[in-house]
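Work through the exercises below with the sequence and the model open. Each task is followed by its solution in steps.

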Amino acid sequence: LHGWWLKPVKGSAMELERNTLKRLTSGPHKNDPGRSKAVYKPLADLFQNRETKGPWRFGVEAGPGPAPRAFIERLTEGSAAGTTPRRLYVVYFWQESWTTNPFARKQLVKGKIVYQKALGTLQYFAVQYHIDQKAMLILDQQEETGFDTVLPGDELKALYVLERRSQLSFN
């Protein structure tokens, strides 16, 4: 599982720089995560190892195109055998707030998971996440209205106060 930074066009925050759609390790559009890759490794491992943490199951499956798709499933307590869990097909993790001091006692990242409910559709949704040290919270009680563009407006930046009920431990 690989990750990289998607960036806006210089001088146009609402337009995605097409040169960042693939991972580049050098040049003017370098977007390789570099040293921050270690911060996201526990998250990538959840998907790669198809782990179940609390009410969430993570995985990767073949998509309709050449690239596999990461997903998160919301498992419901007491659901009947054969029922389909709520599946979120991850498009990207929007990172809104993070610790910039490498020597800080607590490292944290906050943002939104942008996802599709069905592959091949052009409707996207977002759910808030918070990674703090080696734990992750997903605030799925606050799903937002769908939007029809991969890069929505400022509503993606709005973060809610998180509740600790959905905490997942990476350990």
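**Exercise 1. Describe the chain as a whole.**

Solution. Start with the contacts, meaning heavy atoms within 4.5 Å. Of the contacts in the protein chain with a separation of 6 or more, 45% are between residues 24 or more positions apart. The model is predicted: local features need pLDDT of at least 70 and side-chain atom pairs count only at pLDDT 80 or more, while totals for chains, interfaces and linings use all residues. Numbering runs from 1 along each chain as its sequence is written, and side-chain values use heavy atoms, with hydrogens and water left out.

Next, list the elements. The protein chain has one helix and 10 strands, where helices (H or I, at least four residues) and strands (E, at least two) are DSSP runs numbered from the N terminus. Their order along the sequence is β-β-α-β-β-β-β-β-β-β-β.

Last, take the surface. Of the 171 residues, 32% are buried; buried means under 20% relative accessible area, exposed over 50%, and partly exposed in between (1.4 Å probe, protein chains only). The accessible surface comes to about 10,700 Å², with 53% belonging to carbon and sulfur atoms; the areas come from the Shrake-Rupley method with a 1.4 Å probe, and for residues only the protein chains shown count as cover.

**Exercise 2. Place strand β8 among its partners and explain its burial.**

Solution. Strand β8 covers residues 125-132. Two strands pair if DSSP finds at least two bridges between them.

- Strand β7 (residues 108-116) runs antiparallel to β8 and is joined to it by eight bridges. Lysine 110 is opposite histidine 130 of β8.
- Strand β9 (residues 135-139) is also antiparallel to β8, with five bridges. Here glutamine 128 faces leucine 139 of β9.

Now consider the side chains. In a regular strand they alternate between the two faces of the sheet. One side of β8 holds Phe125, Val127, Tyr129 and Ile131, the other Ala126, Gln128, His130 and Asp132, and all are buried. Eight of the eight residues are therefore buried, so β8 is largely enclosed by the rest of the structure.

**Exercise 3. Compare the settings of leucine 46 and arginine 50.**

Solution. Leucine 46 belongs to helix α1 (residues 37-48). It is buried, with a relative accessible area of 1%. Its C-alpha atom is 7.3 Å from that of glycine 59, 13 residues apart along the chain.

Arginine 50 lies in the loop between α1 and β3 (52-53). Its relative accessible area is 46%, so arginine 50 is partly exposed. Most residues other than glycine have a negative phi. Arginine 50, although not a glycine, has a positive phi of about 50°.

**Exercise 4. Describe the largest pocket and its lining.**

Solution. First the terms. On a 1 Å grid over the protein atoms alone, a pocket is an open set of points where a 1.4 Å probe fits, with protein on both sides within 12 Å along at least five of seven lines; lining residues have an atom within 4 Å of a point.

The largest pocket holds about 1,900 Å³ of space, the volume being the space filled by probe spheres set on the points. Its lining has 47 residues, and Trp4, Leu6, Val91, Tyr92 and Phe93 lie nearest the centre. β2, α1, β5 (69-74) and β6 (86-98) each supply at least two lining residues. β6 gives the most, with eight.

The lining divides into 30 nonpolar, seven polar and 10 charged residues. Ala, Val, Leu, Ile, Met, Phe, Trp, Tyr, Cys and Pro count as nonpolar, Asp, Glu, Lys and Arg as charged, and the others, Gly among them, as polar.
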